[in-house]
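Visitor: I am new to this structure and would love a close look at one part of it. Could you pick a place to begin and walk me through what surrounds it?

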Amino acid sequence: MKMTFRWFGENQDPISLKEIKQIPGMTGVVTSFLDIPVGEAWPEERISAMKAAVNAAGLEVEVIESVNIHEDIKLGASGRDEKIENYIVTMERLARHGIKCICYNMMPVLDWARSHLYYDLPDGSNTMRYEAEFIANLSPEQLAARYAAESETYEMPGWEPERMKKINTYLEAYKGMSEETFYANMKYFLDAIIPAAEKFDIKMAVHPDDPPQPIFGLPKLIISRDNVRKYLDLYPSAHNGLTLCTGSLGARKGADIPAMIREFGGEGRIHFAHVRNLKFENETDFYESAHYSPYGSLDMYEIMRALHDVGFKGYVRPDHGRMIWDETTKKGRPGYGLYDRAIGANYLLGIWEALEKGR
Ligand code: DNO
C-alpha cells in the first residue's frame with residue numbers, strides 16, 4: 001500500500017509540496033490539470049514539468065485524479081470517437097512519465113456535490129455536509145451560486161461558471177436516457193481504452209458517483225456493489241478497475257464496504273482507495289466526520305483490515321478532511337485542507353502498521 005495525498009497542482013492548491021512531504025509516510029501526490037478542457041489531449045511538456053516539480057520535492061506521482069470523461073462519451077454523442085482518441089493519447093503520454101493509475105468518473109454533467117461546504121461542527125471545525133432535501137429545493141444554478149459565493153480561491157470541479165451556462169442543455173440531453181444506454185456508452189468507451197491501458201500498463205480506476213443518490217434528475221450509476229459489479233464486468237480485465245471510495249459507496253446506508261473490498265480487491269480490481277469517514281444524520285443525509293472510527297459511521301479498522309487481507313498493493317489517500325485549526329479557504333479547498341487529512345493519513349498508517357505487525 002502506498003499512502004498518497006491529493007494535490008491540485010501549482011497555482012491551484014494553496015498547500016505546497018514541501019508541506020505534503022513533511023507528512024510522515026507520504027510517498028507521493030495524486031494530481032491533475034484542471035485548466036485543460038475535458039476532451040483535449042494533455043500536452044507532454046505539462047506532464048513532464050509537473051513530474052519534475054513533484055520529484056524535486058522528494059515525492060512520486062504515479063496516480064492522476066482525474067482525467068475526466070467528455071459528456072459526448074457519456075452521452076454516446078457523435079463527437080465521442082475524437083475524444084476517445086485524445087484520451088488514449090493522454091494515457092500514452094502519462095505512461096511515458098511513469099503514471100501507473102488513472103482515476104476518472106462517469107458522473108453525468110456534474111462531479112461530486114454537497115449541500116454545504118462549510119458546515120460548523122460543535123468543536124469549532126467545519127466540514128462538508130449533504131442534505132438531500134436542501135438540494136432538492138435548489139436549481140443547479142442556485143447551488144453553483146452558493147458554491148461560488150463561499151469560495152474565493154477555487155472553483156468546484158464540474159461547477160465552473162462556464163459550464164453552468166450550459167447546464168440546462170446538459171440536463172436536457174440526459175432526459176429519458178435509459179440505464180441500458182448509459183451502460184452501453186460506457187462499454188463503448190471501455191472497449192476502446194482498456195486495450196490501450198493494457199498496452200501502456202495503466203490501471204484505470206473508476207470513481208463511484210458521489211453522492212450515491214440521483215440529483216437534479218440525472219441518472220446515477222456507480223452507486224452500489226451491484227452496479228460496480230456490472231461496470232467491471234463490462235470489460236473483464238485487471239486494467240478495468242475501481243477507485244474504492246468509502247465516502248461515496250459508504251454514503252448509502254447499509255452498504256458493506258469491507259465486503260466490497262474483499263470481493264473486488266480479492267479479484268485485483270481495486271487500484272486506488274479514497275478512505276474517509278462520514279456520519280449519518282438520517283437515511284440520506286450525512287456530514288464528513290474526522291477519520292477516527294468513533295467519530296463517524298464507517299469502521300476504518302475494518303476497511304483497512306479488508307484491504308490488508310486482500311493483499312492490497314495499490315494507492316490510498318486520506319479523503320476529505322474537516323477544516324481545523326483556523327484553516328480557511330485560503331489554506332485549502334473544501335475537504336482538502338492540510339491538517340485533518342494529514343491526521344487522517346497517519347491514523348490509517350497506524351492501523352496499517354498494526355495489521356502488518358500483527359500478521
Ligand atoms: C471529490 C473527489 C471527486 C473525484 C472525482 C474522480 O472530492 O473524490 O471529485 O476526484 O470524481 O474522478
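**A walk that starts at one tryptophan**

Guide: Tryptophan 325 is exposed, because 12 other C-beta atoms lie within 10 Å, and a residue counts as exposed at 12 or fewer. Please keep in mind that this is a predicted model. Tryptophan 325 sits in the loop that runs between β12 (315-318) and β13 (332-333). Its backbone deserves a second glance: phi of tryptophan 325 is near 50°, a positive value in a residue other than glycine. Most residues other than glycine have a negative phi.

Let us move along the chain to another tryptophan. Tryptophan 352 belongs to helix α14. It has 19 C-beta neighbours inside 10 Å, so tryptophan 352 counts as partly exposed. A residue needs 20 or more to be called buried. Setting aside neighbours within four places in sequence, tryptophan 352 is in contact with Met1, Met304 and His308. Take histidine 308: it is 44 residues from tryptophan 352 in sequence, yet the two C-alpha atoms are 7.5 Å apart in space.

That contact leads us to a pair of helices. Two packed helices are described by the angle between their axes and the distance between the axes. For α13 and helix α14 (residues 339-357), the angle is about 50° and the axes are 10 Å apart. This makes α13 oblique to α14, and their crossing is right-handed. On the α13 side the contact is made by Met300, Tyr301, Met304, Arg305 and His308, and on the α14 side by Leu348, Ile351, Trp352 and Leu355. Sorted by class, the residues of this contact are seven nonpolar, one polar and one charged.

Helix α13 also has a contact with α12. Helix α12 (residues 257-266) and helix α13 (residues 300-309) pack at an angle of about 15°, with 9 Å between their axes. That angle makes α12 roughly parallel to α13. Here too the crossing is right-handed. Ile257, Pro258, Ile261, Arg262 and Gly265 in α12 meet Glu302, Ile303, Ala306, Leu307 and Asp309 in α13. In this contact there are six nonpolar, one polar and three charged residues.

One of those residues, isoleucine 303, is worth a pause. Not counting residues up to four places away in sequence, isoleucine 303 touches Thr246, Ile257, Pro258, Ile261, Val275 and Leu298. Among these partners, Ile257, Pro258 and Ile261 are α12 residues in the contact with α13. In soluble globular proteins, nonpolar side chains tend to be buried together. In this model the largest nonpolar core has 87 residues, and Ile102 and Ile303 are those with the most contacts inside it. The element that gives the most to this core is α9, with six residues.

So α9 is our next stop. Helix α9 (residues 179-200) packs against helix α10 (residues 225-234) at an angle of about 40°, and their axes are 9 Å apart. The two helices are therefore oblique to each other, with a right-handed crossing. Tyr183, Met186, Lys187 and Leu190 in α9 meet Lys230, Tyr231 and Leu234 in α10. By class, this contact has five nonpolar, no polar and two charged residues.

What lies between α9 and β7? A loop does, and aspartate 201 is in it. Like the tryptophan where we began, aspartate 201 is a residue other than glycine with a positive phi, near 50°. It has 10 C-beta neighbours inside 10 Å, so aspartate 201 counts as exposed.

Going on past β7 (203-207), the loop between that strand and α10 holds proline 211. A cis peptide bond joins aspartate 210 and proline 211, with omega about 0°. Most peptide bonds are trans. Another cis bond runs from glutamate 65 to serine 66, with omega near 5°. Serine 66 lies in the loop between β3 (60-65) and α3 (71-75).

To retrace our steps, we began at tryptophan 325, which is exposed, and went on to tryptophan 352, which is partly exposed. Helix α13 then led us across to α12, to which it is roughly parallel, and through Ile303 into the largest nonpolar core. From there we reached α9, which is oblique to α10, and ended with the cis bonds at proline 211 and serine 66.

How values were computed
Residues numbered from 1 in each chain as written. Predicted model: local features only at pLDDT ≥ 70, side-chain atom pairs only at ≥ 80, totals over all residues. Axes fitted to C-alpha atoms, helices over the stretch in contact; angles between N-to-C directions. Helix = DSSP H or I, 4+ residues; strand = E, 2+ residues; numbered from the N terminus. Parallel < 35°, antiparallel > 145°, perpendicular 65-115°, else oblique. Left-handed = near helix turned anticlockwise from the far one by under 90°. Contact = placed C-beta atoms within 7 Å. Nonpolar A, V, L, I, M, F, W, Y, C, P; charged D, E, K, R; others polar. Core = buried A, V, L, I, M, F, W, Y, C linked by C-beta atoms within 7 Å.
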